[in-house]
Amino acid sequence: MEVQTCILTRRSHRKFTAEPVSREEVEKLVSLAAYAPSWKNSQISRYLAITDAQVKKEISERFCPPGTNNAFIISTCPVLIAQTFVKDRSGFERDGSYTTDRGAGWQYYDCGIAAQTFCLAAHDMGLSTVIMGVFDRRGLQAYLEIPEEQELMALIALGRPAGEPAAPKRKGTDELLTWR
Ligand SMILES: Cc1cc2nc3c(=O)[nH]c(=O)nc-3n(C[C@H](O)[C@H](O)[C@H](O)COP(=O)(O)O)c2cc1C
């Protein structure tokens with residue numbers, strides 16, 4: 001798919017068909033997301049792929065507000081990706097001090113770029129995604145036994161599109177862009 005088409009036609013999908021996503025497809029996506037730029041090429045983003053229906057049901061019931069979109073998405077998506085990152089690398093010097101006044105904020109920046117790269121690659125492969133930030137992060141981090149040196153960042157539901165969501169309106173460049 002042409003890059004501009006991929007950017008323009010990617011949507012957040014909240015309904016998926018029951019068709020599974022293969023391990024090879026998930027591996028391909030992670031290998032493509034690895035090409036996202038990162039602070040000093042620190043490549044801190046990690047991906048935990050969850051396909052076990054019982055685990056997804058439990059995550060949906062225990063870590064999302066009941067009756068919400070996210071509870072539905074998590075219990076019905078073929079693959080739930082828990083995106084984590086290795087702490088204290090992006091934005092940091094080797095001695096552990098912050099490089100800039102952004103402090104640890106560059107970790108989140110790197111994860112965002114990696115997540116969007118993952119989602120665009122998925123769209124290019126005919127798969128669909130939605131990034132989710134609303135869940136009990138601390139509770140889920142403990143439940144998933146995320147290693148101490150990592151932090152849970154976001155969830156990405158992955159599957160095959162069931163329908164074509166409408167594109168939410170975008171701001172125009174007149175509002176987004178200024179020149180000096
Ligand atoms: C950091 C982040 C967190 C998000 N969290 C959620 C979420 O918890 N649940 C959800 O349904 N969508 C979530 N979204 C998806 C946005 O609602 C969506 O990207 C936005 O409405 C634009 O729609 P589009 O992705 O189809 O262009 C999130 C997106 C981002 C980037």
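Student: How does H2 pass H5, in a left-handed or right-handed crossing?
Tutor: The crossing of H2 over H5 is right-handed. A crossing is right-handed if the near helix is turned clockwise from the far one by less than a right angle, and left-handed if anticlockwise. Helices (H or I, at least four residues) and strands (E, at least two) are DSSP runs, numbered from the N terminus.

Student: Is this model predicted or not, and where does numbering start?
Tutor: The model is predicted: local features need pLDDT of at least 70, side-chain atom pairs count only at pLDDT 80 or more, and totals for chains, interfaces and linings use all residues. Residues are numbered from 1 along each chain as its sequence is written.

Student: Back to the helices. At what angle do H2 and H5 pack?
Tutor: H2 (residues 23-33) and H5 (residues 105-124) pack at about 135°, with axes 8 Å apart. Axes are lines fitted to C-alpha atoms, for helices over the stretch in contact, and angles run from 0 to 180 degrees between N-to-C directions. The two helices are therefore oblique to each other; under 35 degrees counts as roughly parallel, over 145 as roughly antiparallel, 65 to 115 as roughly perpendicular, and the rest as oblique.

Student: Which residues meet there?
Tutor: Leu 29, Leu 32 and Ala 33 of H2 meet Ala 114, Thr 117, Phe 118, Ala 121 and Ala 122 of H5. Contact means C-beta atoms, placed from the backbone, within 7 Å. By class, this H2 and H5 contact has 7 nonpolar, 1 polar and no charged residues. Ala, Val, Leu, Ile, Met, Phe, Trp, Tyr, Cys and Pro count as nonpolar, Asp, Glu, Lys and Arg as charged, and the others, Gly among them, as polar.

Student: And H3 with H4, at what angle do they cross?
Tutor: The axes of H3 (residues 53-63) and H4 come within 8 Å and cross at roughly 175°. That makes H3 roughly antiparallel to H4.

Student: New topic. In what order do the strands of the sheet run?
Tutor: The open sheet has 4 strands in the order E1-E2-E4-E3, with antiparallel pairing. Strands pair if DSSP finds at least two bridges between them. E1 (45-50) and E3 are at the edges with a single partner strand each, so one side of each has no neighbour in the sheet.

Student: Which element gives the largest share of the ligand shell?
Tutor: E3 does, with 3 residues. The shell includes Val 130, Ile 131 and Met 132, along with Arg 11 and Asn 69; a residue is near the ligand if its C-beta atom, placed from the backbone, lies within 6 Å of it.

Student: What classes are in that shell?
Tutor: The shell divides into 6 nonpolar, 4 polar and 2 charged residues.

Terms used
Two residues are in contact if their C-beta atoms, placed from the backbone, lie within 7 Å.
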